[in-house]
Amino acid sequence: MLINKLPLLEQTQSPKPSHKTKLHFENTSYLQGEKFYKQPLVQKQKRQLSIMKSQTEIKKQIQSITDDSVSKRMQQSKQQQEFQSVDKLQLEFESKYQEQNRTIEDLKLENIKLKMQLEEQEQQIIYLKIINSDLRQQIEISSTDIQIKRIEQEYKDTYRRMDETLRKAIDENYESQIKMKNLQIKSQQLEQFTFMFKQQLTCKFCRKELHNTITVIPCAHNYCQRCVSGYVGRCFACNDDV
Ligand SMILES: [Zn+2]
Ligand SMILES: [Zn+2]
């Protein structure tokens with residue numbers, strides 16, 4: 001736009017028209033001056049008057065032309081200034097427009113980048129959610145595993161303790177059984193001993209507690225002193241010779 005206007009401005013501001021009119025006026029005055037010296041006096045005066053008139057008119061014309069020219073020039077300069085200011089404004093506007101366009105492009109790019117980042121973050125969130133659910137499942141499985149293992153361990157411990165108690169009981173029972181057997185044996189032995197002792201303390205003839213004991217030799221059976229029939233001649237219990 002700016003480049004197209006420039007030649008137009010040069011044409012309008014050129015001062016050629018005024019120069020041409022001035023040149024034309026000089027030529028005519030010279031020609032009329034030549035004629036002026038060849039005319040008679042009255043005619044000369046008339047001519048002079050008319051020439052003066054025409055000169056003043058021409059001067060007026062020139063003045064008006066120059067005025068026009070000056071006003072035109074002023075107008076032109078004013079227009080030029082206006083054009084320049086318009087151009088300046090246009091330049092400013094264009095630069096601002098371009099700047100705004102650049103800003104808009106930058107913002108668009110930034111928006112695209114942000115959208116991509118957002119999508120990435122959303123994908124990451126989805127990925128993290130999947131991992132989270134996986135981890136939860138694993139934790140649940142592991143927790144049940146742990147619970148099962150703990151129960152198993154508790155069961156094993158209980159079983160081991162019970163087994164130990166049982167073994168101990170069996171052992172104790174066995175020991176007590178042995179003790180019982182020993183006791184039984186001892187008891188039997190004691191009974192036998194008591195029986196033998198009682199027998200030894202019993203008279204073989206009257207079957208009562210010995211009174212003034214008499215021991216027969218060599219069989220060692222005991223009799224009361226009063227039970228003479230038991231030990232005189234032969235032993236009553238074993239029929240051995242006394
Ligand atoms: Zn007796
Ligand atoms: Zn005897």
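## Overall fold

The chain contains four helices and two strands. In sequence order these elements follow the pattern α-α-α-β-β-α. The model is a predicted one.

Helix α3 covers residues 41–200, within a chain of 242 residues.

## Burial and contacts

Of the 242 residues in the chain, 6% are buried. The accessible surface comes to about 22,100 Å², and carbon and sulfur atoms account for 57% of that area.

Contacts between residues at least 6 apart in sequence were also sorted by separation. Among these, 26% join residues that are at least 24 apart.

## A nonpolar patch

Leu 190, Phe 193, Phe 197 and Leu 201 make a nonpolar surface patch of about 420 Å². One of these residues, Phe 193, is located in helix α3, which runs over residues 41–200.

Is Phe 193 buried or exposed? Its relative accessible area is 52%, and Phe 193 counts as exposed because the cut-off for that class is over 50%. The same value also meets the requirement of over 30% relative accessible area for residues in a patch.

## The annotated RING-type span

An unreviewed UniProt entry carries the annotation "domain: RING-type" for residues 203–239. In the model, the C-alpha atoms at the two ends of this span lie 15 Å apart. Helix makes up 11% of residues 203–239, and strand makes up 16%.

How values were computed
Residues numbered from 1 in each chain as written. Chains lettered and ligands numbered in written order. Predicted model: local features only at pLDDT ≥ 70, side-chain atom pairs only at ≥ 80, totals over all residues. Heavy atoms only, no water. Patch = residues over 30% accessible without salt bridge, like charges linked within 9 Å, V, L, I, M, F, W, Y side chains within 5 Å. Areas by Shrake-Rupley, 256 points an atom, 1.4 Å probe, with all protein chains shown as cover. Salt bridge = Lys/Arg side-chain N within 4 Å of Asp/Glu carboxyl O. Buried < 20%, exposed > 50% of the residue type's maximum accessible area, 1.4 Å probe, protein only. UniProt positions renumbered as here; feature names shortened; annotations may be inferred. Contact = heavy atoms within 4.5 Å.
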